[in-house]
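Me: I'd like to learn how to read helix packing and burial from a model. Could you walk me through one, step by step?

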Amino acid sequence: MLVYRGEETARLREFLEADPRTGRPGPRLAVISGAAGMGKTELLHAIADFAAANRVTVVSAVAAPTEQDLPYAVLEQLQQGVPAEPEPKPGQEQEQEHRTDAPGRPEAAAPSAPAAPASQVPLRVLSELTRGFGAPAAAGRVLITVDDIQFADAQSRQVLEYLLRNSGFSGLSVVVTEGPAPTGEAFCADASPEAGRVLRMRLGPLGVEDVGRLLADQLPAAEATHLAPDFHRATGGNPMLLKALAADQLLPSAARRGGGTPQAGDLFRQAALRCAQRSGDYALAVARGLALLREPPTSPNVSLLLSVEDRTIRSAAAALEDAGILCGRRFRHEAMGEAVLDDLSTEEAARLHYCAAKLLHQGGADPVRVATQLLAQDLRGPVDEAWVWEVLQEAARQAPAGGEPDFAVRCLQMAERCCRDEPTRLSIRAQLAELNWGHQPATAAQQVRSLALPARDGRLPISYTLRLVPKLMWYGYVDEATAALRLASTTAAETHAPRLDDEVRATRLQVAGTYPDALTENDRAPYAEQRPEREAATASVSTAATESAATETTATAPMLTKPTPTKSTESHPAPTALTPTASAPTASAPTKPAPGAAARARVRVFGALNSVLGLRSESTAVADAEQILRSTMLTETTVEMLLAALGALILSDLLASSARWCDRLLGQARGKRALAMLMAIRAHIFLRQGNLTAAVERAEASLARLPAHGWGVGIGLPLSALVEARTRMGHHEAAAELLERPVPDAMFRTRYGLSYLHARAALQLQTGRHHAALADFMRCGELMMAWGMDSPALVPWRTGAAQTWLRLQDSERAAALVEDELSRTHPKHLRTRGAALRVLAATRPLPQRPALLEEAVRLLRDAGDSYTMALAMTDLGHAYKRLGAPAKGRGLVRQAGQMADICGAYEPFRAPQPAAARVAPARVAPAGPEALPEGPEPTAGAGIRAEEALTEAERRVARLAALGHTNREISSKLFITVSTVEQHLTRVYRKINIRRRQDLPTTLDFDVADCA
């Protein structure tokens, strides 16, 4: 018995076993109806097996749609199962010989039979066939079963109906299953259910408890009970769908879910397709129309797409709902809609998608919906209808706001293929390059390259040309970009359009701050200073956050906060500096952005960056940068503005503020390039703060985000941070390997090239290549002075060169360079001044050094640069020791060593060692770029011999003792006895030649984590 159809099975058994004498004699008829997949066939087989087990002759047939027009197809199947008639008795042979209409195949009808319609069986044939089926029933009980009677041919149906109406054999029973009838006519519809001869049973969907019992056959009982509600919701209780969905969960590749909609596989999709096919002639077509349009069955578009009457669509939709495919206006499971569409041929699918797209477009549907249909069609060549590429472009403009860059890229790619107009096609390619710029840098490189000549020749609209210029320079096409920018500037001057003029000025300022070598002095001069009227026009900068730089007509993000002038200082940041971008909007309706606000905001922020770089004098640069950061959300059109604003804060030595803003933007970043650039900038902030370990992690993560060819000239940004951090950590070989990576020649014509040259010079100085280091430092200076961005906060080349001259024993040149550096450093740039004062102290007589170094330590502490402060404290400690205050000096040196451990630094605090050699030799490291000649003197333990190197246990004990821990505290931390601690310390004293605990050096080479 079927566990989930127990009641129905019991009713059928009772009906077939009823005593014929209690009712009207004659054959019995049971009709099992229901929607597709409800288990009609399974119940029919169960009853047939039950009858056969009770010595009932079972004759079965299956009707198929493909044989519906083949006369007597079902009847022939039944006749094959009819038992042979017994041998005729004596006296009957002669009668049998004279019969001309013996029962058998329908073709045995007498030739003289009157002509009848093809769909009707002659009466004489009906009588003979009835006797042929009834004869076995006279000898015993016979059960005729027909599955899917709705697909039976007309002749077979007529014979069966005649047999049921006119036969008097009580031992004959007929059980048929009936699904949705194509003709709408039910089998034996006029048969009366009276007298117990007719049973009509309709199978409905299973309940949740029945679903649990069915699942228990394939899944563990506890899991079946837990999943039953979700499975019932996904299938509507359809047994066929349920079994297929449960079977999918048992596959090794199935993704099991703890709740919600179960994951569908191939078996479920196939079952859903069969249910749709067996729900009527128009059911499958209607299901496909609904899956394509994603509209309710009552929508006029469905009728127009399928060319089917509304009444037929409603009827088919009702059949699909009965089968569990639909639930109201939508598919119960998304895989059902996919299944009915996947079964379409390529040609038919393309035709339907195009028709659906055209219907939706004509009805004014959302461009994204229309584009979805066109993308599914996958157009490969030009089309004559302009609305196609226009809709695709509009859908691409709307898609990035919803976080779907891949969809937008596909829209623009198809629009470019379909467009027949050359200028429009170039514009589409420019849009595609701009979109890929943030998400697919490798693809963007090819598209930018293909647009270089059209931009230079003026075949692109000026707005696209201006946005393309920085991208051309990023990939090294400096000459083409310069020519395109000059052409755009000339066009803007001739048109006298203020907004276009702002766009040109913003692009020039952007180029001047990052690619200064691309502009001549005459090119930069008109844009070196911002005009007063431009300043007044930017009073409403916050509107730039809501205006797309691509169109400047629609908002890309809501206005978040009303900008207010704030005085920006590192110690007193603006209250709104950490206000989340996703804060609740105000109750008032957003106002329409002022025309050209985005261009004016770009003028302002790039002007702020150039001000800090030294290209112009502007006192409100930091306030402008912070205002842009407060009022602008990170998108693909605003990323360059926000990166420039961050750069202005970093170059103003506002490290804490820039770190907070950078972390906030990292949380918003989605595009690959934006994320990689922000990580590289964060690495530079960590480097300036002295957190070398974090700087390495961020720089490496940044490089991993983009392939090398996607970085373009910007590769200098992460590489410089990584090389300099590795150098300070003593990883000289790793830093040298990084410098062996190929970089574009055009990089050395950019601001990123300056950072790269400075990092390379630092490594060369650290490894003793003094003249090569000096050449790179001086090259930085030459470029910076030529470009008009000689800002010590950008690259302190004079400080680096001064350190090199100190190594070459030329204190006078070193002093001159540092004094010049200090004269050019803004008083608020605390980190830059502190680093320069430390080097200046090394050029002064010993008695003058403490005052300079104490000032350097104070400035570096306020700036938040732990690493450089540790260097200054080390120099100060050694100065005190040489001036006769050894206790004070040792304390400073020990404190500096602790800070160095936190920073992850090695030089000049300890000698670099391979990871495998975990020993602590004396301070014999070569002088690094930070270690000045007048620095630390050797301690008493400088004579340690290699054969007496400290063991691992000794180094751990010695390190904790040097940090001030008592013997008992050391024993507790290392889980050893106090006696063992004392023994280790005795051996340490002997090996490093000291006599007391206070003389332990803080430069023992092992990680702080080893002592935790």
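**Reading the chain and its helix pairs**

Reply: Happy to! Let's begin with the whole chain: of its 1012 residues, 54% count as buried. Please keep in mind that this is a predicted model.

Me: How many helices and strands does the chain have?

Reply: There are 46 helices and 7 strands. As for the surface, the chain exposes about 44200 Å², and carbon and sulfur atoms supply 53% of that area.

Me: Among contacts between residues at least 6 apart in sequence, what share joins residues at least 24 apart?

Reply: That share is 68%.

Me: Now the helices, please. What describes two packed helices?

Reply: The general idea is that a packed pair is described by the angle between the two axes and the distance between them. Take helix α15 (residues 346–362) and α16: their axes are 8 Å apart and the packing angle is about 165 degrees. Angles over 145 degrees count as roughly antiparallel, so α15 is roughly antiparallel to α16. The crossing of α15 past α16 is left-handed.

Me: Which residues of α15 and α16 meet?

Reply: From α15 come Ala 350, His 353, Tyr 354, Ala 356, Ala 357, Leu 360 and His 361, and they meet Arg 369, Val 370, Gln 373, Leu 374, Ala 376 and Gln 377 of α16. Sorted by class, the residues of this contact are 8 nonpolar, 4 polar and 1 charged.

Me: And on to the next pair: at what angle do α16 and α17 cross?

Reply: Helix α16 (residues 367–377) and helix α17 (residues 386–398) cross at roughly 120 degrees, and their axes come within 8 Å. That angle falls outside the ranges for parallel, antiparallel and perpendicular, so the two helices are oblique to each other. The crossing of α16 and α17 is left-handed.

Me: What does the contact of α16 with α17 hold, by class?

Reply: First the residues: Pro 367, Val 368, Val 370, Ala 371 and Leu 374 of α16 meet a set in α17 that includes Trp 387, Val 391, Leu 392 and Glu 394. By class, this contact has 10 nonpolar residues, 1 polar and 1 charged. You can see Val 370 and Leu 374 in the α15 contact and in the α17 contact.

Me: Is Thr 372 buried, partly exposed or exposed?

Reply: Thr 372 lies in helix α16. Its relative accessibility is 41%, so Thr 372 counts as partly exposed. Between Thr 372 and Leu 392 there are 9.0 Å in space, C-alpha to C-alpha, with the two 20 residues apart in sequence.

Me: Let me try another pair. How do α19 and α22 cross?

Reply: Helix α19 (residues 422–439) and helix α22 (residues 462–474) cross at roughly 50 degrees, with axes that come within 11 Å. α19 and α22 are therefore oblique to each other, and their crossing is left-handed. Ser 427, Ala 430, Gln 431, Glu 434 and Trp 437 in α19 face partners in α22, namely Tyr 464, Arg 467, Lys 471 and Trp 474. This contact divides into 4 nonpolar, 2 polar and 3 charged residues.

Me: One last residue: why does Arg 831 count as buried?

Reply: The cut-off for buried is under 20% relative accessible area, and Arg 831 has 14% relative accessibility, so Arg 831 counts as buried. Arg 831 sits in helix α40 (residues 830–842). Leaving aside neighbours within four places in sequence, Arg 831 is in contact with Asp 653, Leu 655, Arg 688, Arg 728, Leu 860, Ala 863 and Asp 865.

Key. Residues numbered from 1 in each chain as written. Predicted model: local features only at pLDDT ≥ 70, side-chain atom pairs only at ≥ 80, totals over all residues. Heavy atoms only, no water. Axes fitted to C-alpha atoms, helices over the stretch in contact; angles between N-to-C directions. Helix = DSSP H or I, 4+ residues; strand = E, 2+ residues; numbered from the N terminus. Parallel < 35°, antiparallel > 145°, perpendicular 65-115°, else oblique. Left-handed = near helix turned anticlockwise from the far one by under 90°. Contact = heavy atoms within 4.5 Å. Nonpolar A, V, L, I, M, F, W, Y, C, P; charged D, E, K, R; others polar. Buried < 20%, exposed > 50% of the residue type's maximum accessible area, 1.4 Å probe, protein only. Areas by Shrake-Rupley, 256 points an atom, 1.4 Å probe, with all protein chains shown as cover.
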